[in-house]
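Here's a quick briefing to read alongside the model. Keep the viewer open and click through the sites as you go.

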Amino acid sequence: AKAKGRNTFHFYSQELDAAANERLYIENELRQAIKEGQFSLRYQPQIDSTTEQVVGYEALVRWYHPEKGFIAPTKFIPIAEATGMIVELGAWVLREACQFSARLRRSGRAADISVNLSARQFKDVELIEHIATTLKETGLSPQMLHLELTESMLMGDVEAAIEQLLEMKKLGVSLSIDDFGTGYSSLSYLKRFPVDVLKVDRSFVKDIPEDSNDMEITAAIIAMAQKLSMKVIAEGVETEEQVAFLQRNNCFIVQGYYYSAPLTEHEILLQSQHPDIG
Ligand code: C2E
Ligand code: CA
Ligand code: CA
Ligand code: CA
């Protein structure tokens, strides 16, 4: 039993080493990547399912490492967050996304742009000034910019969070709660947050119509958002049945592979020259 115990320990510690090494590796490479600009953005269309028109795009960051290739944001964003590098990376993402939307606008295709904010950025004292400067320098109208926050970012110091949200609203931007339903926000706080949009997390959508609990929860979230005068966007919509279910429950704006994966700007420009495609 002793020997077995030792082996088990050995096994876990090797696994931990591998995880720690990977973390360290990504951390070092991230520094380099930010300096060298190894990042790009993809834009996932948000569709009005009743007209099939694009109403906006969500900007999603991509990292192509010169040797390792694609590294998923779920791998490197938490590390960028923990090390503080997310502030610089996030500033780049915001500028790039605003420029994209301003370019679309100038070519006659208006489309709102959603940008993910991390907890570290949200707490940054320079955030408000930074957003204001970026809007001014890119010429994007504030009402076209949507900033996505998660419930957990708002739940620590609720009063401070509300203050910060109100400052953001003063800039004229729109605010969304991302991954809604996965955090610990309480309903009594929700109505105090000056947010415009709830994004129903993919985890509730993905098993519709097989999972009746998920259907109930999704319908309840939509109904609640409407009571609070918030718009709803469903994330991770992959099937026609899911679109139909959401429509029956009064959610018309959807994002997901059913309509489109995240695209490059080039792909979007090609598409809108041929509006019948996609
Ligand atoms: P998120 O904000 O919830 O973004 C949605 C994720 O779901 C994206 O993954 C998107 O590609 C994926 N997705 C969209 N439609 C579908 C679908 O129909 N099925 C499935 N299975 N997936 C779908 P991605 O791009 O890998 O990003 C993962 C997460 O990384 C994001 O989740 C967000 O939390 C974070 N992230 C991405 N870009 C940024 C960024 O620029 N800044 C920050 N702070 N976080 C970012
Ligand atoms: Ca998001
Ligand atoms: Ca989300
Ligand atoms: Ca998510």
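What follows is a short tour of the metal sites, the ligand pocket and a few backbone details.

Bear in mind that this is a predicted model. Two calcium ions, ligand 2 and ligand 3, sit 3.7 Å apart, with Asp178 coordinating both. Ligand 1 takes up the space of the largest pocket, and Asp178 is also among the residues that come nearest to ligand 1.

**Calcium ion, ligand 2**

- Four protein donors serve this ion: Glu58 (OE), Asn116 (OD1), Glu148 (OE) and Asp178 (OD), lying 2.2 to 2.3 Å from it.
- Along the chain, these donors follow the spacing E-x57-N-x31-E-x29-D.
- The pairing of Glu58 with Asn116 ties together distant parts of the chain: Glu58 is in strand 2 (residues 53–65), Asn116 is in strand 4 (residues 112–116), and 58 residues separate them.
- Is Glu58 buried or exposed? Glu58 counts as buried because its relative accessible area is 4%, and the cut-off for buried is under 20%.
- Asn116 is partly exposed, with a relative accessible area of 28%.

**Calcium ion, ligand 3**

- Here the coordination comes from Asp178 (OD), Asp179 (OD) and Glu235, which is listed with two OE donors, at 2.2 to 2.5 Å.
- The donor spacing along the chain reads D-D-x55-E.
- Asp179 and Glu235 make another link between distant parts of the chain, 56 residues apart: Asp179 is in strand 6, while Glu235 is in the loop between strand 8 (231–234) and helix 11 (240–248).
- Glu235 is buried at a relative accessible area of 11%, whereas Asp179 counts as partly exposed at 25%.
- Have a look at the backbone of Asp179 too: phi is near 55°, a positive value in a residue other than glycine.

**Ligand 1 and its pocket**

- Which residues come nearest to ligand 1? Out of the 21 residues around ligand 1, they are Gln44, Arg62, Asp178, Glu238 and Tyr257.
- Arg62 has a side-chain N or O atom 2.9 Å from an oxygen atom of ligand 1.
- Asn116 does something similar, with 3.1 Å between a side-chain N or O atom and an oxygen atom of the ligand; Asn116 is also one of the donors to the calcium ion (ligand 2).
- With Glu238, the ligand atom is a nitrogen, 2.5 Å from an N or O atom in the Glu238 side chain.
- On its own, ligand 1 has 800 Å² of accessible area, and the protein covers 81% of that.
- Strand 2, helix 2 (73–83) and strand 6 (174–180) are the elements that give two or more residues to the shell around ligand 1.
- Strand 2 supplies the largest share of that shell, 4 residues.

**More on strand 2 and helix 2**

- His65 belongs to strand 2, and is buried with a relative accessible area of 4%.
- The His65 side chain has polar contacts with two other side chains: Glu29 at 2.6 Å and Tyr25 at 3.5 Å.
- Over in helix 2, Phe76, Ile79, Ala80 and Glu81 are buried.
- That pattern is worth viewing with helix geometry in mind: an α-helix has 3.6 residues a turn, so residues three or four places apart point the same way.
- Just after helix 2, Gly84 has a positive phi of about 85°.

**Loops and backbone details**

- Where is Lys206? Lys206 lies in the loop between helix 9 (202–205) and helix 10 (212–227), and counts as partly exposed at 38% relative accessibility.
- Lys206 and Val237 are 31 residues apart along the chain, with 7.0 Å between their C-alpha atoms.
- Pro209 is also placed in the loop between helix 9 and helix 10, and the peptide bond from Ile208 to Pro209 is cis, with omega near 10°.
- Ser229, in the loop between helix 10 and strand 8, has a phi near 55°, a positive value in a residue other than glycine.
- Ser229 counts as exposed because its relative accessible area is 67%, and the cut-off for exposed is over 50%.

Definitions and conventions. Residues are numbered from 1 along each chain as its sequence is written. Chains are lettered from A and ligands numbered from 1 in the order in which they are written. This is a predicted model: local features need pLDDT of at least 70, side-chain atom pairs count only at pLDDT 80 or more; totals for chains, interfaces and linings use all residues. Side-chain values use heavy atoms; hydrogens and water are left out. Donors are N, O and S atoms within 2.8 Å of the metal (3.2 Å for Na, K and Ca); water is not among the atoms, so sites may look incomplete. Buried means under 20% relative accessible area, exposed over 50%, partly exposed in between (1.4 Å probe, protein chains only). A residue is near a molecule or strand if one of its heavy atoms lies within 4 Å of it. A polar contact is a pair of N or O atoms within 3.5 Å; within protein, one must be able to donate a hydrogen and the other to accept it, and residues adjacent in sequence count only if both atoms are side-chain atoms. Accessible areas come from the Shrake-Rupley method with a 1.4 Å probe; for residues, only the protein chains shown count as cover. On a 1 Å grid over the protein atoms alone, a cavity is a set of points where a 1.4 Å probe fits but cannot get out, and a pocket is an open set with protein on both sides within 12 Å along at least five of seven lines; lining residues have an atom within 4 Å of a point. A molecule sits in a cavity or pocket if more than half of its atoms lie within 2 Å of its grid points.
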